[in-house]
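I opened a notebook page for this chain and set out to look up its contacts, its sheet and its core. The entries below follow the order in which I looked.

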Amino acid sequence: MRSVRKCSRTGCLEPAVATLTYAYSDSTAVVGPLATASEPHSYDLCEAHALRLTAPKGWEVVRHEGEFAVPEPSSDELTALAEAVREAGRYDRPAPPSSESPEQPRKGQGRRGHLRVLPGRA
């Protein structure tokens, strides 16, 4: 499965071309080329958001000089796994036929997909 990382800004669906990281000790925001891997404390940005980024008063913004290159799609196994799990959890998809007997859940138990709700113990 081929995938391109998207911009981290809410509502933006553009492909990411830059990575934003913060150096809190130096009060600096750094916008550089897209990192090879997505990191938890960094943000992927599209070109428009990378160029328009502003920092809080007293902070400095250090930007990559030159143009940002749109990365080639990669076949990242972790991304493929996450998308497969997301697809499997969709509600609008019909449930696959079960090999279990078609008996109804016992009283006090609810059933949703492959998960069961069991009554609490006192």
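**Contacts and overall make-up**

I began with contacts, taken as heavy atoms within 4.5 Å, and noted that residues 24 or more positions apart account for 54% of those in the chain with a separation of 6 or more. I kept in mind that this is a predicted model, in which local features need pLDDT of at least 70 and side-chain atom pairs count only at pLDDT 80 or more, while totals for chains, interfaces and linings use all residues. Residues are numbered from 1 along each chain as its sequence is written, and side-chain values use heavy atoms, with hydrogens and water left out.

I then looked up the surface (Shrake-Rupley method, 1.4 Å probe) and found about 10100 Å² accessible for the chain, with 54% of that belonging to carbon and sulfur atoms. Of the 122 residues, 17% count as buried, where buried stands for under 20% relative accessible area with a 1.4 Å probe, protein chains only.

**Sheet**

I listed two helices and six strands, both being DSSP runs, of at least four residues (H or I) for helices and at least two (E) for strands. Along the sequence I read the pattern β-β-β-α-β-α-β-β. Four of the strands form an open sheet of mixed pairing, in the order β3-β1-β2-β4, where pairing requires at least two DSSP bridges between two strands. Because β3 (43-45) and β4 (60-63) each have a single partner strand, they stand at the edges, and one side of each is left without a neighbour in the sheet. Between neighbouring strands of this sheet I noted an average turn of 25 degrees, direction ignored, from axes that are lines fitted to C-alpha atoms.

I followed β1 (residues 18-23) to β3, which it pairs with in the antiparallel sense over three bridges; in β3, Tyr43 is the bridge partner of Leu20.

**Ala18 and the core**

I next looked up Ala18, which lies in strand β1 and counts as buried because its relative accessibility is 0%. Its C-alpha is 8.3 Å from that of Tyr43, although the two are 25 residues apart in sequence. Leaving aside residues up to four places away in sequence, Ala18 touches several residues, among them Val31, Tyr43, Leu45, Ala50 and Phe68.

Ala18 also belongs to the largest nonpolar core, of 12 residues in all, including Leu20, Val31, Leu45, Ala50 and Phe68; such a core is a set of buried Ala, Val, Leu, Ile, Met, Phe, Trp, Tyr and Cys residues joined through side-chain atoms within 4.5 Å. The elements giving two or more residues to this core are β1 and β2 (28-33).

Notes: Axes are lines fitted to C-alpha atoms, for helices over the stretch in contact, and angles run from 0 to 180 degrees between N-to-C directions. Buried means under 20% relative accessible area, exposed over 50%, partly exposed in between (1.4 Å probe, protein chains only).
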